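I open a fresh page for this chain and will note what I look up, entry by entry.

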Amino acid sequence: MKKTLLSILGCLIAVSSYSQDKLYTHKGDTLNVYIKEVNENSIKFIYPSEQSTNTLSKNAIEKIQYESGRVEKISEKIVISSKKDWEKVVVTNLESDVQGLTKGEELKAKAKGSTFTSQGSVEARAFDKLKKEAAEKGYHTLLILTTTGKSGSPYSSASSSIRAVGYKY
């Protein structure tokens, strides 16, 4: 009788461990969770035996394997190997885009133009500088903190300054 009860208990534990969803992160972690909501930018879930809802950006998640066995691809991993990969760096203004990523350091970039250079082209150069620095440090996502710019005039040149925080898996 005791062996039968232990066998039943063992089966219930085995079944309960398989009746969960699995989140596969770009860091290589596998999280056994219950998915509560998948929206445009994030995934909300709870851990077994817990009540609080957790949220991760879709940018941190490779895929979800649902309890039913269905697999949903969430996002591609951005691989930054060197400064040459600077064009792959993603720039965002939304903090929700970096939930679940590892925060790095603050980066700054400045660019100046001549009196006839447009503010847009100066700002684009500042963003390119920032993305190159981020790639060199291994960051694949930049969260913009501030951007400031000054238009050129006959007496002064256009300038742009950007502050951001780098993030990686």
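What should the 18 residues of helix H2 span at 1.5 Å a residue, and how far apart are its end C-alpha atoms? I worked with a predicted model. For H2, residues 119–136, the expected span is 26 Å, and the end C-alpha atoms lie 26 Å apart, so the two agree.

**Entry: helix H2**

I looked up which residues of H2 are buried. They are Val122, Ala126, Phe127, Leu130, Lys131, Ala134 and Ala135. I note that a lysine, Lys131, is on this list. I then checked what covers these buried residues, and found strands E7 (90–92), E8 (102–112), E9 (141–150) and E10 (159–168) among the elements that do. Just after the helix, I read a positive phi of about 85 degrees at glycine 138.

**Entry: the sheet under H2**

I traced an open sheet of four strands in the order E7-E9-E10-E8, and its pairing is mixed. E7 and E8 each have a single partner strand and stand at the edges, so one side of each has no neighbour in the sheet. From one strand to the next I get an average twist of 30 degrees.

I looked at E8 and E10 in more detail. The two run antiparallel and are joined by nine bridges. Within E8 and E10 I picked out one facing pair, in which alanine 109 stands opposite isoleucine 162 of E10. H2 packs on this sheet and touches E7, E8, E9 and E10, and the helix direction makes about 145 degrees with that of E8.

**Entry: salt bridges**

Side chains of opposite charge can pair when their charged atoms come close. How many salt bridges does the chain have? The count comes to five. I followed up three of them.

First I took lysine 73 and glutamate 62, which meet at 3.8 Å, N to O. Lysine 73 belongs to strand E6 (residues 71–73) and glutamate 62 to strand E5 (residues 61–65), with their positions eleven residues apart in the chain. Lysine 73 is partly exposed at 48% relative accessibility, and glutamate 62 is partly exposed at 28%.

Next came glutamate 105 and lysine 137, with an N to O distance of 3.2 Å. Glutamate 105 is in strand E8 and lysine 137 in the loop between H2 and E9, so this salt bridge ties together parts that are 32 residues apart in sequence. I read relative accessible areas of 37% for glutamate 105 and 34% for lysine 137, and I logged glutamate 105 as partly exposed and lysine 137 likewise as partly exposed.

Then I turned to arginine 163 and glutamate 106, whose closest N and O atoms are 2.8 Å apart. This pair links strand E10, which holds arginine 163, to strand E8, which holds glutamate 106, across 57 residues. Arginine 163 is partly exposed at 28%, and glutamate 106 is partly exposed at 37%. I also noted that shared partners join Glu105, Glu133 and Lys137 into one salt-bridge network.

**Entry: isoleucine 35**

Is isoleucine 35 buried or exposed? It is buried, because its relative accessibility of 16% falls under the 20% limit. Isoleucine 35 is placed in strand E2 (residues 30–38). Leaving out residues up to four places away in sequence, I listed its contacts as Asp21, Leu23, Ile43, Lys44, Phe45, Ile64 and Tyr66. I also took the C-alpha to C-alpha distance from isoleucine 35 to isoleucine 46, eleven residues away in sequence, and got 6.7 Å.

Note on methods
Residues are numbered from 1 along each chain as its sequence is written. This is a predicted model: local features need pLDDT of at least 70, side-chain atom pairs count only at pLDDT 80 or more; totals for chains, interfaces and linings use all residues. Side-chain values use heavy atoms; hydrogens and water are left out. The expected span of a helix is 1.5 Å times one less than its number of residues. Buried means under 20% relative accessible area, exposed over 50%, partly exposed in between (1.4 Å probe, protein chains only). Contact means heavy atoms within 4.5 Å. A salt bridge is a side-chain nitrogen of Lys or Arg within 4 Å of a carboxyl oxygen of Asp or Glu. Two strands pair if DSSP finds at least two bridges between them. Axes are lines fitted to C-alpha atoms, for helices over the stretch in contact, and angles run from 0 to 180 degrees between N-to-C directions.
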